[in-house]
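Open your viewer and keep the selection tool handy. We will go from stop to stop, and at each one you will know what to click and what to look for.

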Amino acid sequence: MEHYVPGCPDPLQGRAIWHQGTKMMKDAFPDLKISVQDMFGVGDKVTVLVRFEGTHQGPFQQFEATGRQVGYRSVEVCRFEGDQIAEEWVAPDLLSLMQQISAAPPTADTGRSERTAS
């Protein structure tokens, strides 16, 4: 299986990559809930709009746990060969996630971070 993820010039190979990504997310957001908001298929491809919600309770990339509730979306496209996923393209809204767990998340009224709002 090939995984196409943002920031990687070449596809990542194998199912182990998917398991590593899942572990990383569950370590950082142990109460992670994933809901399918929409799904459709054409030919050998299925596209899914997914919403992730959870509490930032462990390290994620360069950010230590904040205890904040987070929510973000991802668009994921899978190409099937028979009943197996052969390729997967993921486009998570990582900017939104990073803004929610950064030191100064955007304020509700301005959308600017608190450290630049003054």
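**Stop 1: Lys45 and its partners**

Select Lys45, which is partly exposed, with a relative accessible area of 36%. Please keep in mind that this is a predicted model. Now add Asp44: the side chains of Lys45 and Asp44 meet in a salt bridge, 3.8 Å from N to O. Asp44 also counts as partly exposed, at 34% relative accessibility.

Asp44 has another salt bridge to show you, with Arg79, where the closest N and O atoms are 4.0 Å apart. This pair links distant parts of the chain, since Asp44 is in the loop between β3 and β4 while Arg79 is in strand β5, 35 residues apart.

**Stop 2: Arg79**

Move along to Arg79 in strand β5, residues 69-81. Is Arg79 buried or exposed? Its relative accessible area is 16%, so Arg79 is buried, the cut-off being under 20%. Show the side chain of Glu81 as well, and you will find a polar contact of 3.1 Å between Arg79 and Glu81. Leaving aside neighbours within four places in sequence, the contacts of Arg79 include Gln84, Ile85, Ala86 and Trp89. To see the wider picture, select Asp44, Lys45, Arg79, Glu81 and Glu87 together: they are linked in a network of salt bridges.

**Stop 3: the β3-β4 hairpin**

Next, select residues 33-42, strand β3. Of its ten residues, the number buried is zero, so β3 lies largely in the open. Add β4, residues 45-55, and you will see the two strands pair in the antiparallel sense over nine bridges. For one facing pair, pick Ile34, which stands opposite Phe52 in β4. Two residues lie between the strands of this hairpin, and Gly43 in the turn has a positive phi of about 60°.

**Stop 4: a bridge along helix α1**

Click on Asp27 and Lys23, whose side chains meet in a salt bridge of 2.6 Å, N to O. Asp27 and Lys23 are four residues apart in helix α1, so about one helical turn separates them. Asp27 is partly exposed, with a relative accessible area of 44%.

**Stop 5: the largest nonpolar core**

Finish with Met25, Phe29, Phe60, Leu97 and Ile101, which touch the most other members among the 14 residues of the largest nonpolar core. The elements giving two or more residues to this core are α1, β4, β5 and α2. Center on Phe60: leaving aside neighbours within four places in sequence, Phe60 is in contact with Met24, Met25, Ala28, Phe29, Leu97, Met98 and Ile101.

Terms used: Residues numbered from 1 in each chain as written. Predicted model: local features only at pLDDT ≥ 70, side-chain atom pairs only at ≥ 80, totals over all residues. Heavy atoms only, no water. Buried < 20%, exposed > 50% of the residue type's maximum accessible area, 1.4 Å probe, protein only. Polar contact = N/O pair within 3.5 Å; in protein donor to acceptor, adjacent residues only side chain to side chain. Contact = heavy atoms within 4.5 Å. Pairing = 2+ DSSP bridges. Core = buried A, V, L, I, M, F, W, Y, C linked by side-chain atoms within 4.5 Å.
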